[in-house]
Amino acid sequence: MTLHFKRNPLSFLSNLIAAAALSMCMGQALALDPFTVTDIRVEGIQRTEAGTVFSYLPVRVGDTFNDEKAAVAIKALYATGFFKDVRIEADGSVLVVLLEERPAIASVEFTGTKEFDKVQLTKSLKDLGLGESRILDRSLVDRAEQELKRQYLTRGLYGVKITTTVTPIERNRVNVTFAVDEGEIARIKQINVVGNKAFSEKELRDQIKLSTSGWFTWYSKADQYSKQKLAGDIETLRSFYLNRGYLEMQIESTQVSITPDKKDIYITVNIREGEKFTIAGIKLEGEMLGREKEFESLISLKTGDAYSGEKMTESTRKIAERMGVFGYAFANVNASPQINREKNEVSFTVFVDPGKRVYVRRINIGGNDRTRDEVIRREFRQFESSWYDGDRIRLSKDRLGRLGFFTDTAVDTVDIPGTPDQVDLNVNVVEKPTGSVMVGAGFSSSERITLTGSINQANAFGSGNNIGITVNTSRIFRTISLSHTNPYFTDDGVSRTVEVFLRTTRPPLYLTDVDFRVETRGANMSFGIPVSELDRVFVGAGIENTQVQTFSNSPLRYQTFVSENSDNTSGIGAAETTAYPVTMAWQRDNRDSALIPTKGRYRRANLEVSPAGNAQYYRSTYQDQYFLPLFGSLTLAVNGELSYGSGLSGKTYPIFKNYYAGGIGSVRGFYAGSLSVDGTGLGTSSRYNLPIGGQARVIMNAELQLPFPGTGVDRSLRWFSFLDAGQVFNPQDGQYISLGDLRYSTGLGISWISPVGPLKLSLGYPLNSKPFDRVQRFQFQLGTGF
């Protein structure tokens with residue numbers, strides 16, 4: 001007796017239905033006499049193991065086989081998805097299972113895809129079950145085709161055509177090919193806002209991200225329509241009106257139409273503005289812990305002000321955050337409006353429900369594959385088994401950001417089921433590479449390429465310690481230094497830094513008629529003492545031995561130094577000095593991140609004094625950085641630096657302690673360290689200007705920073721425009737600080753926290769260069785800060 005059921009290729013569901021119908025319709029013509037199975041034989045399989053078939057077959061040797069079990073067995077084997085034909089035969093008491101396997105996928109290929117990466121597409125399909133060596137499922141192929149088309153529509157490619165081909169090849173395999181004709185991108189031709197009276201249509205269009213084609217839309221894709229973008233823009237319009245008093249503004253409808261050629265899109269937004277409302281009064285109700293006056297001061301809206309949804313939300317948020325300081329992590333603060341349409345006024349009752357006071361049971365840390373838990377925990381000011389404090393948690397997050405070890409930090413408050421008065425804090429960090437090889441370079445027609453570099457481990461072995469080796473291969477300045485910093489030399493946060501160094505200064509190789517040599521060996525140790533959560537004081541001491549060697553063709557400034565610090569009155573020869581510098585510094589840092597700051601301020605004052613030895617001097621520096629978020633993700637970054645040095649006890653200020661300006665970090669567009677007021681510093685026989693720096697320096701920088709648009713883009717990747725100003729001066733020669741002598745430059749650049757360190761590229765254009773200034777428009781550096 002033979003039972004035969006052939007699978008309907010239209011769909012898998014129809015097979016199950018057919019199998020069920022077959023079992024119901026088995027009459028006496030297909031009936032078989034029940035028998036005891038003495039053996040089971042599987043035939044027709046090529047890739048599938050016999051054991052796999054037996055595992056799905058609901059029949060075993062010794063079972064009694066009948067019509068009902070035959071139907072169940074057929075359905076079970078079809079349900080695996082491995083077979084397109086299943087037959088069961090009885091050869092005496094032997095059960096024979098005849099199978100025809102479905103084809104396997106040999107390859108999945110894409111042609112004509114430019115908008116998406118083929119490798120990523122192949123990986124995504126494989127995750128869905130459509131990939132090499134997988135069993136072919138035509139329903140998955142159809143689904144993949146529709147999903148791919150949907151993705152193209154989100155990119156504005158409404159004319160896309162996708163043709164899927166399944167080609168049989170040898171050994172019961174197939175090749176699946178998606179042939180894509182992307183067509184042209186449909187762009188927004190016109191955006192209309194209908195029903196507006198209080199604000200012009202242009203002003204409303206300026207609020208939204210979608211736009212018609214412009215000079216920058218080739219990158220921002222703002223002229224490409226998507227439903228998600230439009231929904232976001234509708235909310236932006238609604239917020240714009242709500243923040244200006246239009247409490248009952250409504251978006252009545254939106255229409256999106258596309259031309260028959262699928263190239264142009266027209267968007268129409270119909271709105272009803274309603275009336276403008278002013279605040280009639282605001283009162284607080286609920287449990288306020290006896291702090292009514294304090295909470296009232298947190299409300300930024302006052303009687304008579306135009307209603308603003310943004311200000312009201314900000315006010316309730318501030319009250320809830322203030323509640324969090326006292327342990328009420330889940331305080332509920334809601335503003336309920338009472339509208340008077342006759343007077344166009346609105347009153348608010350702010351209900352405050354602090355909920356239960358909670359304490360932090362446990363702080364869980366994740367994402368730190370390299371960094372030790374203790375490095376993160378020691379930055380936390382919220383402690384386990386203590387009352388929840390929102391201010392301390394925000395401070396802890398900022399401290400983690402200022403470490404410079406992580407590109408992102410997140411702190412989430414998690415309920416503990418069954419324990420309403422306890423919460424856990426889940427801290428998740430995204431680590432950046434802590435070891436880096438930093439390289440800086442510049443190019444000019446006269447200097448060609450100069451290189452600087454360092455090997456630095458900012459988080460050595462996950463301990464939070466910093467170990468660095470710095471090498472500068474510049475033709476003018478050569479440096480080798482070794483340093484080690486332990487930020488927690490003591491348990492209460494006192495840091496210690498030890499450094500040894502060798503610095504050599506020589507003239508550039510192309511200055512064949514000029515020669516001199518300055519070599520400094522030294523070591524120092526400093527300690528950083530925290531005096532508050534934001535302030536730190538540094539003290540340190542060191543020793544430096546410097547030898548200056550001059551020749552007949554050395555610059556006059558160097559010859560003068562040799563004559564003043566040796567027995568050689570001619571200034572040609574060598575002079576050796578020893579200094580014992582003592583350093584004192586103060587630093588305050590409340591930036592939200594040391595790597596990608598968007599708000600906050602950084603200030604540092606430094607004083608170095610050498611009261612002993614035959615090189616007696618002092619040098620001081622004050623630096624101030626300010627980061628201000630403007631609108632959207634645009635940030636204004638401002639930097640100012642003032643430095644000054646002078647000799648002590650009648651001694652001349654050492655020339656090797658001069659400050660330099662020019663290049664990335666000071667005034668971009670000029671060669672590194674090359675600026676001077678009048679180009680002096682060399683003998684009259686030289687045609688070149690050798691940078692000798694000055695005992696005073698002024699640096700000013702301003703940047704407008706904007707992250708690259710688009711989802712999935714590294715948020716540390718930013719482009720910026722800049723305006724720089726700076727100069728060095730020599731007051732001991734009568735060359736006093738004068739703003740009129742500053743050099744200015746402007747330009748564009750890109751910064752990125754790359755896997756090998758912070759990268760900054762700039763294209764600078766000097767605004768007031770002099771004939772003797774050395775211009776270097778393109779510069780880049782790895783490891784630079786501002």
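How many of the 12 residues of strand β34 (residues 718-729) are buried? In this predicted model, nine of them are, so β34 is largely enclosed by the rest of the structure.

Strand β34 has a partner in β33 (residues 696-707), and the two run antiparallel. They are joined by 12 bridges. In this pairing, Gln705 stands opposite Phe720 of β34. Strand β34 also pairs with β35 (residues 743-754), again in antiparallel fashion. Here the bridges number nine. Leu723 faces Thr746 of β35 across this second pairing.

Ser751 belongs to β35. Its relative accessible area is 11%; the cut-off for burial is under 20%, so Ser751 counts as buried. Beyond its neighbours within four places in sequence, Ser751 touches six residues listed here: Ser716, Leu717, Arg718, Phe720, Leu759 and Lys760. Phe720, the residue of β34 that stands opposite Gln705, is thus in contact with Ser751 as well.

The wider chain sets the context. The protein chain holds 13 helices and 38 strands. Of its 786 residues, 43% are buried. Among contacts between residues at least 6 apart in sequence, 59% join residues at least 24 apart.

Helix α12 (residues 390-403) was examined next. The helix has 14 residues. From first C-alpha to last it reaches 20 Å, close to the 20 Å expected at 1.5 Å a residue. Its buried residues are Gly390, Ile393, Ser396, Arg399, Leu400, Gly401 and Arg402. These pack against two helices, α10 (309-325) and α11 (373-377), and against the strands β18 (406-416), β19 (419-431) and β28 (582-589).

A buried loop position occurs at Val160. This residue sits between α5 (138-154) and β8 (161-169). Val160 has a relative accessible area of 5%, and is therefore buried. Asp181 lies 21 residues away along the chain, yet the C-alpha atoms of Val160 and Asp181 are separated by 5.6 Å. Asp181 is also one of the contacts of Val160, neighbours within four places in sequence aside. The others are Lys149, Tyr152, Val180 and Glu182.

Internal space was also surveyed. A search of the whole structure finds two cavities of 30 Å³ or more. The largest contains about 70 Å³ of space. Its lining consists of Ile191, Val193, Ile208, Leu210, Leu230, Asp233, Ile234, Leu237, Ile267 and Val269. Three elements each supply at least two of these residues: β10 (187-194), α8 (227-242) and β12 (264-272). Helix α8 gives the most, with four residues. By class, nine lining residues are nonpolar, none is polar and one is charged.

The second largest cavity has a volume of about 50 Å³. It is lined by Phe561, Asn565, Thr577, Asn614, Ala615, Gln616, Lys651, Thr652 and Pro654. This lining has three nonpolar, five polar and one charged residues.

Methods:
Residues numbered from 1 in each chain as written. Predicted model: local features only at pLDDT ≥ 70, side-chain atom pairs only at ≥ 80, totals over all residues. Heavy atoms only, no water. Buried < 20%, exposed > 50% of the residue type's maximum accessible area, 1.4 Å probe, protein only. Pairing = 2+ DSSP bridges. 1 Å grid on protein atoms, 1.4 Å probe; cavity = no way out; pocket = protein on both sides within 12 Å on 5 of 7 lines; lining within 4 Å. Points joined across faces, edges and corners; volume = space filled by probe spheres on them. Nonpolar A, V, L, I, M, F, W, Y, C, P; charged D, E, K, R; others polar. Expected span 1.5 Å × (residues − 1). Contact = heavy atoms within 4.5 Å.
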